[in-house]
Amino acid sequence: MTTHEWTRTLDLEHIRRIQADPSTFARSVWHLLLEVLAYARDEASSKGTGHATVTLHADGTIDVTDNGRGTDTRTNHTGRLVRKPVMATRDVRFFDDPTAELLLDGFPRRGMSVVAGSSDVLVHTNRRHDGAWTQRYEHDLPVQDLSPAPTDGTTGTTVTFRPRPDLPGIASTATDLGYRLERLLPLTVELRDQRTPAGDPSSPLPEGSD
């Protein structure tokens, strides 16, 4: 199934639309995390199983690492390596589709570009059998080409992002989050909460986040 158009790696009009309307597209840091995990769950569903590790850092940065196949890459007509443009173009399956699946927070899935468009910084690292690459985005704009990354014999994707500070954060405890993330089967999620202090149990996730 086609998920993104390969004809361009950057859709500025799409990006600006996301950034101009965070209440519709970004909603909260919890929603952004679910958008990232939705791709890992796609991979797990295709294989029957899968694993992801989520790390919540004290500075608000979030790491999501999965053991999927890694994001597809191709060599274009000039010999330049191009990765599927998941960050800065729309996911044609979900964006603007009124029938798009609902994520755990009860809001529709829009695609990974919502995460990049709602983050001050995002780094996408990709590990495939034919090599590994990384690319950095700032406010959803790529600030470097694909750069070689160390390989360790594994495949998968790591998305590290720092959401915009004006978005509602994740205040729930690791225990509560872990319980919610159990519903992403067949993807299993390991949660590492390095926030200081940890989430306040008196501040639950937003209404509808079950």
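A polar contact is a pair of N or O atoms within 3.5 Å; within protein, one must be able to donate a hydrogen and the other to accept it, and residues adjacent in sequence count only if both atoms are side-chain atoms. Keep that handy for Exercises 2 and 6.

Before you start: this is a predicted model, where local features need pLDDT of at least 70 and side-chain atom pairs count only at pLDDT 80 or more, while totals for chains, interfaces and linings use all residues. Residues are numbered from 1 along each chain as its sequence is written, and side-chain values use heavy atoms, with hydrogens and water left out.

**Exercise 1. Get an overview of the chain.**

Step 1: list the secondary structure. You should get five helices and ten strands. Here helices (H or I, at least four residues) and strands (E, at least two) are DSSP runs, numbered from the N terminus.

Step 2: check burial. Of the 210 residues, 48% count as buried. Buried means under 20% relative accessible area, exposed over 50%, and partly exposed in between (1.4 Å probe, protein chains only).

Step 3: look at contacts, meaning heavy atoms within 4.5 Å. Among contacts with a separation of 6 or more, 72% come from residues 24 or more positions apart.

**Exercise 2. Describe the surroundings of Ser 119.**

Step 1: place the residue. Ser 119 belongs to strand 5 (residues 119-128).

Step 2: is Ser 119 buried or exposed? Its relative accessible area is 1%, so Ser 119 is buried.

Step 3: find a polar partner. A polar atom of the Ser 119 side chain lies 2.7 Å from the backbone oxygen of Val 115.

Step 4: add the neighbours. Leaving aside residues up to four places away in sequence, Ser 119 touches His 139, Asp 140, Phe 161, Arg 162, Pro 163 and Arg 164.

**Exercise 3. Find the aromatic pair and say what it links.**

Step 1: search the whole structure. One aromatic pair turns up. Its rings belong to Phe 25 and Phe 95, with centres 5.1 Å apart and planes at 20°, so the pair is stacked. The rule is that rings of Phe, Tyr and Trp (its six-membered ring) pair if their centres lie within 6.5 Å; planes under 30 degrees apart count as stacked, over 60 as edge-to-face and the rest as tilted.

Step 2: locate both partners. Phe 25 is in helix 2 (residues 22-25) and Phe 95 in the loop between strand 4 (81-83) and helix 4 (112-117), so the pair ties together parts that are 70 residues apart in sequence.

Step 3: check burial. Phe 25 is buried at 3% relative accessibility, and Phe 95 is buried with a relative accessible area of 3%.

**Exercise 4. Explore the largest nonpolar core.**

Step 1: know the term. A nonpolar core is a set of buried Ala, Val, Leu, Ile, Met, Phe, Trp, Tyr and Cys residues joined through side-chain atoms within 4.5 Å.

Step 2: pick out the best-connected members. The core has 40 residues, and those touching the most other members are Leu 33, Leu 37, Ile 62, Val 64, Met 87, Leu 122 and Phe 161.

Step 3: which element gives the most to this core? Helix 3 does, with eleven residues.

Step 4: zoom in on Phe 161. Not counting residues up to four places away in sequence, its contacts include Leu 33, Ile 62, Val 64 and Leu 122.

**Exercise 5. Find the buried sides of helices 1 and 5.**

Step 1: take helix 1. Its buried residues are His 14, Ile 15 and Ile 18. They cover an arc of only 100° around the axis, which puts them on the same side of helix 1. The arc is that of the directions from the helix axis to the C-beta atoms.

Step 2: turn helix 1 around. The face away from the buried side carries the exposed residues Glu 13 and Ala 20.

Step 3: repeat for helix 5. Leu 177, Arg 180 and Leu 181 are buried there. These residues fall within an arc of 95°, so they line one face of helix 5. They pack against helix 3, strand 1 and strand 10 (187-193).

**Exercise 6. Characterise Asp 91.**

Step 1: Asp 91 sits in the loop between strand 4 and helix 4.

Step 2: Asp 91 counts as buried, at 0% relative accessibility.

Step 3: its side chain is joined to that of Arg 93 by a polar contact of 2.8 Å.
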